[in-house]
Amino acid sequence: MADLGKIVEEVSKFTALELSDLVKKIEEKFGVSAAPTFAVGAPTPEGVGAEEEKTTFNVELKNAGGQKIQVIKVLREALGLGLADAKGITDAAPKVVKEGLDKAAAEELKKKLEAAGAVVELK
């Protein structure tokens, strides 16, 4: 096992930018996040968690990106649209493409559109 004291001593010599890069690499390597989390039942800062969790989402196409044709194909397939309708939505961005989806369905549509090169936001 590594000597943790030596590791801490080496890390203390890093610049802020080097520390940031190290944190990112550790997050990627181990699939974790260094972002603070709040324990269930623990007191939270005022306003944090005060809103109820959303149950329905709207998927908004912010920008079609550089591969507009691919985005049109995804819209046609995912929403059952004709070519003209899908192209119209793509040209009108930013535009809500689907409303009232549950979180899983909204995330899935977002993932498909982003894979095609679009910029998408859930609202």
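**Close-up views of the predicted model**

**Figure 1. Lys-62, at a relative accessibility of 31%, counts as partly exposed.** The model shown here and in the other views is predicted. Lys-62 forms a salt bridge with Glu-60, and the closest N and O atoms of the two are 3.9 Å apart. The cut-off for a salt bridge is 4 Å between a side-chain nitrogen of Lys or Arg and a carboxyl oxygen of Asp or Glu, so the pair qualifies. Unlike Lys-62, which is partly exposed, Glu-60 is buried, with a relative accessible area of 9%. Both residues belong to a network of salt bridges that links Glu-60, Lys-62, Glu-121 and Lys-123.

**Figure 2. Glu-60 and Lys-123 meet through their side chains in a salt bridge of 2.9 Å, N to O.** Glu-60 belongs to strand E1 and Lys-123 to the segment that follows strand E3 (119–122), so this pair ties together parts of the chain 63 residues apart in sequence. The two side chains are also joined by a polar contact of 2.9 Å. Lys-123 counts as partly exposed, at 40% relative accessibility. In general, side chains of opposite charge can pair when their charged atoms come close.

**Figure 3. The surroundings of Glu-60 in strand E1, which covers residues 57–63.** Is Glu-60 buried or exposed? Its relative accessible area is 9%, and because buried means under 20%, Glu-60 counts as buried. Which residues does Glu-60 contact, once its neighbours within four places in sequence are left aside? The contacts are with Pro-94, Lys-95, Val-96, Val-97, Val-119, Val-120, Glu-121 and Lys-123.

**Figure 4. The side chains of Lys-68 and Asp-91 form a salt bridge of 2.3 Å, N to O.** This pair links distant parts of the chain, with Lys-68 in helix H3 (residues 68–79) and Asp-91 in helix H4 (residues 83–91), 23 residues apart. Lys-68 is partly exposed, at a relative accessible area of 33%. Asp-91 is likewise partly exposed, with a value of 42%. A search of the whole structure finds eight salt bridges.

**Figure 5. Ile-26, Phe-30 and Val-32 make a nonpolar surface patch of about 300 Å².** Ile-26 is located in helix H2, which comprises residues 16–30. With a relative accessible area of 39%, Ile-26 is partly exposed. An α-helix has 3.6 residues a turn, so residues three or four places apart point the same way. Helix H2 has 15 residues, which at 1.5 Å a residue should span 21 Å; the end C-alpha atoms are 21 Å apart, in agreement with this expectation. Just after H2, Gly-31 adopts a positive phi of about 65°.

**Figure 6. The setting of the close-up views is a chain with five helices and three strands.** Read from the N terminus, the elements follow the order α-α-β-α-α-β-α-β. The chain has 123 residues, of which 16% count as buried. Its accessible surface comes to about 9,200 Å², and carbon and sulfur atoms account for 56% of this area. Among contacts in the chain with a separation of 6 or more, 63% are between residues 24 or more positions apart.

Technical notes:
Residues numbered from 1 in each chain as written. Predicted model: local features only at pLDDT ≥ 70, side-chain atom pairs only at ≥ 80, totals over all residues. Heavy atoms only, no water. Patch = residues over 30% accessible without salt bridge, like charges linked within 9 Å, V, L, I, M, F, W, Y side chains within 5 Å. Areas by Shrake-Rupley, 256 points an atom, 1.4 Å probe, with all protein chains shown as cover. Helix = DSSP H or I, 4+ residues; strand = E, 2+ residues; numbered from the N terminus. Buried < 20%, exposed > 50% of the residue type's maximum accessible area, 1.4 Å probe, protein only. Polar contact = N/O pair within 3.5 Å; in protein donor to acceptor, adjacent residues only side chain to side chain. Contact = heavy atoms within 4.5 Å. Expected span 1.5 Å × (residues − 1).
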